[in-house]
Number of protein chains: 2
Amino acid sequence: MPGMDIAFLIFDQLTMLDAVGPYEVLHRVPGADVKLVAAEPGLKRDEKGITGLVADHSLDDVSEPDVLVIPGGWGTRALMKDPEILDWVRSVHSTSTWTTSVCTGALLLAGAGLLEGRRATTHWLALDVIAEHGAIVTEERVVRDGKIITAAGVSSGIDMALTLAAELAGQRAAEAIQLQIEYDPQPPFDAGSRAKAPAEVVDALIAAGVKNS
Amino acid sequence: MPGMDIAFLIFDQLTMLDAVGPYEVLHRVPGADVKLVAAEPGLKRDEKGITGLVADHSLDDVSEPDVLVIPGGWGTRALMKDPEILDWVRSVHSTSTWTTSVCTGALLLAGAGLLEGRRATTHWLALDVIAEHGAIVTEERVVRDGKIITAAGVSSGIDMALTLAAELAGQRAAEAIQLQIEYDPQPPFDAGSRAKAPAEVVDALIAAGVKNS
């Protein structure tokens, strides 16, 4: 698929891994032309302000990408009510082959009205937000409904992107990318979901509130 | 451990996920003060030049961090012969609590002479390079030898950082981070290591050469 445009929408207060997990997979898809896009190009700082990603492209520069990826982060809480961003998301979605999100990137899809009546997911601490916008919430890690793919929290974007890479370029190409990034996960603990983590760990994060998402 | 300084060394032609995987884990460690450091502060572009990370700190700014993380990327091939960088790495290692690398970040440790006679790993396509510098090569995903922890290719930095987070702040804190980043990996394929990937996929990457590492 030569000349396949893949746009990442980035913004201040993003979660770095939400974007960089899928980025590291998708820029390796044969023929992919990845562009980082922002309302105002330049450096977008992460939630902690410690570092950031740079966007070289404006929304107007990239109006009809084949694939849209929306990462999450605290910044999505404001952007999910931002008319300029939501108009762009809706417009891109009207011509995209795939429209995807990681973590609370799904809040922008929800804000744009695109999850109404669709199966979708997001970070486990934000599932209620997309439900309020009509999504049929599921806790699967990667959820596909038509051409919309939503992924769970933060690190799930890697799994989402490998699934997408196989759709774009075939399973062998996706496997080659998986081997390039040596994605043979071996977490030292088994606490990566609400169902698996110790109850005290889950309860403490819920008590600490949604800023963790 | 309040006021624990964690330094990431970044540079042009880095692999984004090598840095951002551990970053997303380690900035959440209670008391962690993460700083991105470069020979010249500013934006460091990734291997593809599509985006980059920003370093706000110079080498002189951050001379005695408790933890050093060195990500990989094509840029390490030049830096592993750069006296200024190698002097800094050696100096930091002389006072660090932990000295770590992801992927070909290990080449800088090797170039600094720190892997001589030590068990270590790196991206599977670069194992010979650290072996030439005296490392006892192993293909485990996360290898600890004394206070040096090396991780395999790209995505392995997440596993390394969770292991390190438990050392720094205890298992419960590491589990809380794992749940925050919802790290419950479910790769759609099982091709993440040389041993597991289809032979044709492995052979094609070897034929394509070391630039994949």
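The following paragraphs describe a predicted model of two chains, A and B, beginning with their symmetry and ending with individual residues. Local features need pLDDT of at least 70 and side-chain atom pairs count only at pLDDT 80 or more, whereas totals for chains, interfaces and linings use all residues; side-chain values use heavy atoms, without hydrogens or water. Residues are numbered from 1 along each chain as its sequence is written, and chains are lettered from A in the order in which they are written.

Chain A is superposed on chain B by a rotation of 180° with 0.0 Å of shift along the axis, at an RMSD of 0.0 Å; the fit is by least squares on the C-alpha atoms of residues with pLDDT of at least 70 in both copies. This is the relation of a two-fold axis. Within chain A, A:Leu53 has the C-alpha nearest the axis, at 2.7 Å. Because 100% of the interface residues of chain A are also interface residues in chain B, the copies meet through the same surface; contact here means heavy atoms within 4.5 Å.

One residue that reaches across to the other chain is A:Asp46, found in the loop between strand S3 (42-45) and strand S4 (52-55) of chain A. Strands (E, at least two residues) and helices (H or I, at least four) are DSSP runs numbered from the N terminus. A:Asp46 is buried, that is, under 20% relative accessible area, where over 50% would be exposed and values in between partly exposed (1.4 Å probe, protein chains only).

What is the nearest side chain of opposite charge to A:Asp46? It is that of A:Arg45, 6.1 Å away, and A:Asp46 has no salt bridge (a side-chain nitrogen of Lys or Arg within 4 Å of a carboxyl oxygen of Asp or Glu). In this charge count Lys and Arg are positive and Asp and Glu negative, while His and the chain ends are not counted. The side chain of A:Asp46 does have a polar atom 3.1 Å from the backbone nitrogen of A:Ile50, and a polar contact of 2.5 Å joins the side chains of A:Asp46 and B:Tyr23. Leaving aside residues up to four places away in sequence, A:Asp46 touches A:Gln13, A:Leu14, A:Met16, A:Thr51, A:Gly52 and B:Tyr23.A polar contact is a pair of N or O atoms within 3.5 Å; within protein, one must be able to donate a hydrogen and the other to accept it, and residues adjacent in sequence count only if both atoms are side-chain atoms.

Two further loop residues of chain A have positive phi without being glycine: A:Val154, near 35°, and A:Glu182, near 45°. A:Val154 lies between strand S11 (148-151) and helix H6 (156-169) and is buried at 2% relative accessible area.
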